[in-house]
Amino acid sequence: RALSGVCPLVCDTLCQLLRRSTRNLDRYRTLGIQRFLVSMVRGLDADATKAALAVIEEVATSTYDPTLLKDDIASLVETIQLHTHERWRQTLIFASLTSIMTINPEAKEAWRTQYGFQTAV
């Protein structure tokens, strides 16, 4: 519960840092922050989930690194598949995926590479 309360503030700060420098994107990757955020998306309340998704969106819409995009997309899709009993969580994640693919054309290619042409978002 304490993490849920702090998460929106921490995630907002992360978004600001990521917007300031591409070096921060490299740090995001090397420090494993993406995995931490995905675990937050999978286990925290709606506000914390929205905040963590905002950071993932920030990274995915501003990077053209296909590996990072595939990892982010795969993690989000896996979360949708794991949380079939939490429709609200699935809806938030689906909205983030849609936003990412709308803003970053490379994300659509990453999606196709990961899941094939027959799958659509």
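**Figure 1. Order of the secondary structure elements along the chain.** In this predicted model, the elements of the protein run α-α-α-α-α-α-α from the N terminus on. The secondary structure comes to seven helices and zero strands. The radius of gyration is 14 Å, close to the 14 Å given by the globule rule for 121 residues, so the protein is as compact as a globular protein of that length. Taken along the principal axes, the box filled by the C-alpha atoms is roughly 40 × 40 × 20 Å. Of the 121 residues, 44% count as buried. Among contacts between residues at least 6 apart in sequence, 66% join residues at least 24 apart.

**Figure 2. Packing of helix H3 against helix H4.** The view shows H3 (residues 33-43) and H4 (residues 46-62), whose axes come within 8 Å and cross at roughly 150°. An angle over 145 degrees counts as roughly antiparallel, and H3 and H4 are therefore roughly antiparallel to each other. The crossing in which H3 passes H4 is left-handed. On the H3 side the contact is formed by Leu 37, Val 38, Met 40 and Val 41, and on the H4 side by Thr 49, Ala 52, Leu 53, Val 55 and Ile 56. By class, the residues of this contact are eight nonpolar, one polar and no charged.

**Figure 3. Surroundings of Val 41.** Val 41 lies in helix H3 and is one of the H3 residues that meet H4. With a relative accessible area of 0%, Val 41 is buried. Neighbours within four places in sequence left aside, Val 41 is in contact with Thr 49, Ala 52, Leu 53, Ile 56, Thr 79, Arg 89 and Ile 93. Among these, Thr 49, Ala 52, Leu 53 and Ile 56 are H4 residues of the contact between H3 and H4. Thr 79 of H5, and Arg 89 and Ile 93 of H6, also take part in the contact between H5 and H6. The C-alpha atoms of Val 41 and Thr 79 are 8.0 Å apart, with the two positions 38 residues apart in sequence numbering.

**Figure 4. Packing of helix H5 against helix H6.** H5 (residues 66-82) and H6 (residues 87-103) pack at an angle of about 155°, and their axes are 9 Å apart. That angle makes H5 roughly antiparallel to H6. H5 passes H6 in a crossing that is left-handed. H5 contributes Ile 73, Leu 76, Val 77, Thr 79 and Ile 80 to the contact, while H6 contributes Arg 89, Gln 90, Ile 93, Phe 94, Leu 97, Ile 100 and Met 101. The residues of the contact of H5 with H6 comprise nine nonpolar, two polar and one charged.

**Figure 5. Asp 72 and Gln 34, two buried residues in contact.** Asp 72 has its place in helix H5, and Gln 34 is found in helix H3. At 1% relative accessibility, Asp 72 counts as buried. Gln 34 is also buried, with a relative accessible area of 10%. Not counting residues up to four places away in sequence, Asp 72 touches Tyr 28, Gln 34, Ile 56, Val 59 and Ala 60. With its own neighbours within four places left aside, Gln 34 is in contact with Tyr 28, Asp 71, Asp 72 and Ser 75. Tyr 28 is thus a partner of both Asp 72 and Gln 34. Ile 56, a partner of Asp 72, is also among the H4 residues that meet H3.

**Figure 6. Leu 44 in the loop between H3 and H4.** Leu 44 is located in the loop that joins H3 and H4. At 14% relative accessibility, this loop residue counts as buried. Leu 44 and Cys 7 are 37 residues apart along the chain, and their C-alpha atoms are separated by 9.1 Å.

**Figure 7. Thr 22 in helix H2.** Thr 22 is found in H2, which covers residues 22-31. Its relative accessibility is 62%, and Thr 22 counts as exposed. Exposed here means over 50% relative accessible area. From C-alpha to C-alpha, Thr 22 and Lys 108 are 22 Å apart in space, and they are 86 residues apart in sequence.

Note on methods:
Residues are numbered from 1 along each chain as its sequence is written. This is a predicted model: local features need pLDDT of at least 70, side-chain atom pairs count only at pLDDT 80 or more; totals for chains, interfaces and linings use all residues. Side-chain values use heavy atoms; hydrogens and water are left out. Axes are lines fitted to C-alpha atoms, for helices over the stretch in contact, and angles run from 0 to 180 degrees between N-to-C directions. Helices (H or I, at least four residues) and strands (E, at least two) are DSSP runs, numbered from the N terminus. Angles under 35 degrees count as roughly parallel, over 145 as roughly antiparallel, 65 to 115 as roughly perpendicular and the rest as oblique. A crossing is left-handed if the near helix is turned anticlockwise from the far one by less than a right angle, and right-handed if clockwise. Contact means heavy atoms within 4.5 Å. Ala, Val, Leu, Ile, Met, Phe, Trp, Tyr, Cys and Pro count as nonpolar, Asp, Glu, Lys and Arg as charged, and the others, Gly among them, as polar. The radius of gyration is taken over C-alpha atoms; the globule rule is 2.2 Å times the number of residues to the power 0.38. Buried means under 20% relative accessible area, exposed over 50%, partly exposed in between (1.4 Å probe, protein chains only).
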